[in-house]
Amino acid sequence: MAETLHDDIDVGAVFGARGMRPLWFSWQGRRRMIREITYIWKELDGLRVLRYFSVTDGAAVYELCFDPERLRWSLTKVAHESA
């Protein structure tokens with residue numbers, strides 16, 4: 001089951017010739033290393049183009065959102081993987 005959030009987060013990301021790639025993010029006082037980016041997409045919010053990343057740290061799946069106009073990252077969903 002996924003939990004919907006709108007938490008501002010700090011993200012370490014690489015911006016290169018092949019685009020942008022988040023490497024880690026801090027949430028609830030913990031730095032979470034991204035093991036894999038499972039999906040990338042864009043959505044319009046009015047005139048803004050938001051960039052979304054579905055990522056996993058091996059324990060949960062997270063949905064990160066980057067707003068390039070505001071230079072802000074947010075965590076929008078969390079789904080814990082079952083054991």
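The dialogue below concerns a predicted model and treats its aromatic pairs, charged side chains and nonpolar core in turn.

Q: How many aromatic pairs does the structure hold?

A: The structure holds 7 aromatic pairs. One of them joins phenylalanine 53 and tryptophan 73, with ring centres 5.8 Å apart. Their planes stand at 40°, so this pair is tilted, because the tilted class lies between the limits of 30 and 60 degrees.

Q: Where in the chain do phenylalanine 53 and tryptophan 73 lie?

A: Phenylalanine 53 belongs to strand 5 (residues 48-56), and tryptophan 73 belongs to strand 7 (residues 72-80). The two are 20 residues apart, and the pair links distant parts of the chain.

Q: What other ring pairs with tryptophan 73?

A: Phenylalanine 66 also forms an aromatic pair with tryptophan 73. Its geometry is tilted, at 4.9 Å centre to centre and 40° between the planes. Ring pairs link Phe15, Phe53, Phe66 and Trp73 into a cluster.

Q: Are phenylalanine 66 and tryptophan 73 buried or exposed?

A: A residue counts as buried when its relative accessible area is under 20%. Phenylalanine 66 has 7% relative accessibility and therefore counts as buried. Tryptophan 73, at 8%, is buried as well, and phenylalanine 53 is also buried.

Q: Which charged end sits over the ring of tryptophan 24?

A: It is the charged end of arginine 31, which lies 3.6 Å from the centre of that ring.

Q: How many salt bridges does the structure hold, and which side chains meet in one of them?

A: There are 4 salt bridges in the structure. In one of them, the side chains of arginine 72 and aspartate 8 meet at 3.3 Å, N to O. This pair connects distant parts of the chain, with arginine 72 in strand 7 and aspartate 8 in strand 1 (residues 2-16), 64 residues apart. Arginine 72 has a relative accessible area of 45% and is therefore partly exposed, whereas aspartate 8, at 54%, counts as exposed.

Q: Which residues are linked in a network of salt bridges?

A: The network links Asp45, Arg48, Asp67 and Arg70. Within the network, arginine 48 and aspartate 45 meet at 2.3 Å, N to O, and arginine 70 and aspartate 67 meet at 3.9 Å, N to O.

Q: Which of these four residues are buried, and which are exposed or partly exposed?

A: Arginine 48 is buried, with a relative accessible area of 12%, while its partner aspartate 45 is partly exposed at 37%. In the other bridge, aspartate 67 counts as buried at 7%, whereas arginine 70 counts as exposed at 51%.

Q: What is the general idea behind a nonpolar core?

A: In soluble globular proteins, nonpolar side chains tend to be buried together. In this structure the largest nonpolar core has 16 residues. Ile9, Phe25, Trp27, Tyr62, Leu64, Trp73 and Leu75 touch the most other members.

Q: Which elements give two or more residues to this core?

A: They are strand 1, strand 2 (19-27), strand 5, strand 6 (60-67) and strand 7. Strand 6 gives the most, with 4 residues.

Q: With which residues is leucine 75 in contact, leaving aside its neighbours within four places in sequence?

A: Leucine 75 is in contact with Leu5, His6, Asp7, Ile9, Trp27, Tyr62, Glu63 and Leu64. Among them, Ile9, Trp27, Tyr62 and Leu64 are named with Leu75 as core residues that touch the most other members.

Notes. Residues are numbered from 1 along each chain as its sequence is written. This is a predicted model: local features need pLDDT of at least 70, side-chain atom pairs count only at pLDDT 80 or more; totals for chains, interfaces and linings use all residues. Side-chain values use heavy atoms; hydrogens and water are left out. Rings of Phe, Tyr and Trp (its six-membered ring) pair if their centres lie within 6.5 Å; planes under 30 degrees apart count as stacked, over 60 as edge-to-face and the rest as tilted. Buried means under 20% relative accessible area, exposed over 50%, partly exposed in between (1.4 Å probe, protein chains only). A charge sits over a ring if NZ of Lys or CZ of Arg is within 6 Å of the ring centre and within 35 degrees of the ring normal. A nonpolar core is a set of buried Ala, Val, Leu, Ile, Met, Phe, Trp, Tyr and Cys residues joined through side-chain atoms within 4.5 Å. Contact means heavy atoms within 4.5 Å.
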